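Visitor: I keep hearing words like "buried" and "pocket" when people talk about proteins. Could you walk me through one and show me how each label is earned?

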Amino acid sequence: MGRRIASQVHQQVSRLLRANYIQKEPVWFQAVLDHPPLTLPPKAPPPRTPYDQRPTKKLSKYTTRPQPIFYLEDYLRRRFFTDHPFETFRPATLIETDRIQDPNFITGEAWTRLRQWGRNPAPEDAIRFALNLYQYHNVTLNEAYSRAVAQFRTLRSEHHVASRIAVLEAEQLGSTFGPSHIEESFVRQKQSLATWDRKEELDEGSLAAQKRWKAIVNRNHGAGQWSEGKDYARLWQQGIKPNYMPALVRSVAPTTTKIDKHDPMGLKNSI
């Protein structure tokens with residue numbers, strides 16, 4: 001028997017059985033017929049479900065290139081965040097719990113309104129609701145998206161109004177609230193700017209310390225004080241000699257000590 005591809009072995013065995021070349025079928029033959037392997041892509045590409053491909057796109061019958069994977073959730077998610085860009089800035093918890101959250105039991109045909117998953121839905125809830133309407137309620141994708149977005153905005157507005165009323169009632173009853181996230185961000189910004197001012201002062205102090213031992217020349221020093229040598233001639237005529245010694249240097253009178261010839265090292269006074 002010639003060499004065959006692994007996915008075509010059962011076909012060759014079937015032909016040999018029909019020709020009575022093999023009298024008894026192998027043990028694995030019936031199991032392979034019940035669960036045949038995938039055929040090669042050039043012959044027949046593996047079947048794709050309508051869930052992971054565009055509804056209007058037709059697959060080529062004979063092709064060697066892999067087909068792109070497309071999920072409707074990605075299309076709905078991209079469109080949702082394009083229409084609601086500020087939903088990306090809404091805070092979400094990233095804390096992991098000790099167990100995975102159970103999926104909502106209301107799905108399929110029983111899920112007709114977004115409120116069934118809660119009164120404060122998340123963007124992912126609206127996206128799943130639109131996909132559920134498209135798959136189980138025979139609604140077009142655009143109509144399903146419009147219904148999901150309308151119900152999402154309604155529930156969000158109701159939650160916002162209820163939250164504002166609850167805050168006003170709490171304030172009337174004497175409750176006090178701390179600063180909001182926006183106010184805390186402003187405080188942190190002011191603190192950071194104050195550190196910049198302090199750094200600028202330290203930089204100026206360091207520069208002044210570096211210039212402490214450098215000569216700082218005043219260009220206007222001595223302007224209008226030159227007497228063309230008249231002061232020097234006047235002092236010379238009066239018999240006053242100029243003193244060029246610095247002001248900090250002073251003359252010290254020399255001290256004389258009497259040395260004893262019997263004790264030249266001064267040991268008597270030290271004892």
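Guide: Sure, and let's start with a yardstick: a residue is called buried under 20% relative accessible area, exposed over 50%, and partly exposed in between. Keep in mind that this is a predicted model.

Visitor: Okay, try it on Asn138. What makes Asn138 count as buried or exposed?

Guide: Asn138 has 77% relative accessibility. The cut-off for exposed is over 50%, so Asn138 counts as exposed. You'll find Asn138 in the loop between helix 4 and helix 5.

Visitor: What is the phi of Asn138?

Guide: Asn138 has a positive phi of about 55°, although it is not a glycine. Most residues other than glycine have a negative phi. Asn20 is another case, with a positive phi near 60°. Asn20 sits in the loop between helix 1 (9–18) and helix 2 (29–34), and its relative accessible area of 54% makes it exposed too. A glycine can be found with a positive phi here as well: Gly239, just after helix 7, takes about 85°.

Visitor: How do you know that helix 7 lies largely in the open?

Guide: Count its buried residues. Helix 7 covers residues 230–237, and of those eight residues the number buried is zero, so helix 7 lies largely in the open.

Visitor: How many helices and strands are in the chain?

Guide: There are eight helices and zero strands. Read along the sequence, the pattern is α-α-α-α-α-α-α-α. Of the 271 residues in the chain, 15% are buried.

Visitor: Why is Glu87 called buried?

Guide: Glu87 has a relative accessible area of 13%. Buried means under 20%, so Glu87 earns the label. Glu87 lies in the loop between helix 3 and helix 4.

Visitor: Which side chain makes a polar contact with the side chain of Glu87?

Guide: That would be Arg156, at 2.8 Å. A polar contact needs N or O atoms within 3.5 Å, and this pair makes one. Leaving aside neighbours within four places in sequence, Glu87 is in contact with Phe80, Phe81, Pro123, Phe152 and Arg156.

Visitor: What about Gln151: buried or exposed?

Guide: Buried, because its relative accessible area is 18% and the cut-off is under 20%. Gln151 is in helix 5. Not counting residues up to four places away in sequence, Gln151 touches Thr112, Arg113, Leu114 and Phe129.

Visitor: And why is His159 called partly exposed?

Guide: His159, also a helix 5 residue, comes in at 35% relative accessibility. Partly exposed covers the range between 20% and 50%, so that's the label His159 gets. Beyond neighbours within four places, His159 is in contact with Arg119 and Asn120. His159 and Asn120 are 39 residues apart in sequence, yet 6.5 Å apart in space, C-alpha to C-alpha.

Visitor: Which residues touch the most other members of the largest nonpolar core?

Guide: Leu76, Phe80, Leu114 and Phe129, out of 21 residues in that core. Helix 3, helix 4 and helix 5 each give two or more residues to this core, and helix 5 has the largest share, seven residues. Nonpolar side chains tend to be buried together in soluble globular proteins. For a member up close, take Leu76: apart from neighbours within four places, Leu76 is in contact with Ile127, Ala130, Leu131, Leu141 and Tyr145.

Visitor: What makes an empty space a cavity rather than a pocket?

Guide: In a cavity a 1.4 Å probe fits but cannot get out, while a pocket is open. A search of the whole structure finds one cavity of 30 Å³ or more, with about 40 Å³ of space. Its lining is Leu76, Phe80, Ala126, Ile127, Ala130, Tyr145, Ala148 and Val149. By class, that's eight nonpolar, no polar and no charged residues.

Visitor: How is the lining of the largest pocket divided?

Guide: Into 10 nonpolar, nine polar and seven charged residues. The largest pocket has a volume of about 860 Å³. Of the 26 lining residues, the closest to its centre are Ala92, Thr93, Gln101, Ala122 and Asp125. Helix 4 and helix 5 each supply at least two residues of this lining.

Conventions
Residues are numbered from 1 along each chain as its sequence is written. This is a predicted model: local features need pLDDT of at least 70, side-chain atom pairs count only at pLDDT 80 or more; totals for chains, interfaces and linings use all residues. Side-chain values use heavy atoms; hydrogens and water are left out. On a 1 Å grid over the protein atoms alone, a cavity is a set of points where a 1.4 Å probe fits but cannot get out, and a pocket is an open set with protein on both sides within 12 Å along at least five of seven lines; lining residues have an atom within 4 Å of a point. Grid points are joined across faces, edges and corners, and a volume is the space filled by probe spheres set on the points. Ala, Val, Leu, Ile, Met, Phe, Trp, Tyr, Cys and Pro count as nonpolar, Asp, Glu, Lys and Arg as charged, and the others, Gly among them, as polar. Helices (H or I, at least four residues) and strands (E, at least two) are DSSP runs, numbered from the N terminus. Buried means under 20% relative accessible area, exposed over 50%, partly exposed in between (1.4 Å probe, protein chains only). A polar contact is a pair of N or O atoms within 3.5 Å; within protein, one must be able to donate a hydrogen and the other to accept it, and residues adjacent in sequence count only if both atoms are side-chain atoms. Contact means heavy atoms within 4.5 Å. A nonpolar core is a set of buried Ala, Val, Leu, Ile, Met, Phe, Trp, Tyr and Cys residues joined through side-chain atoms within 4.5 Å.
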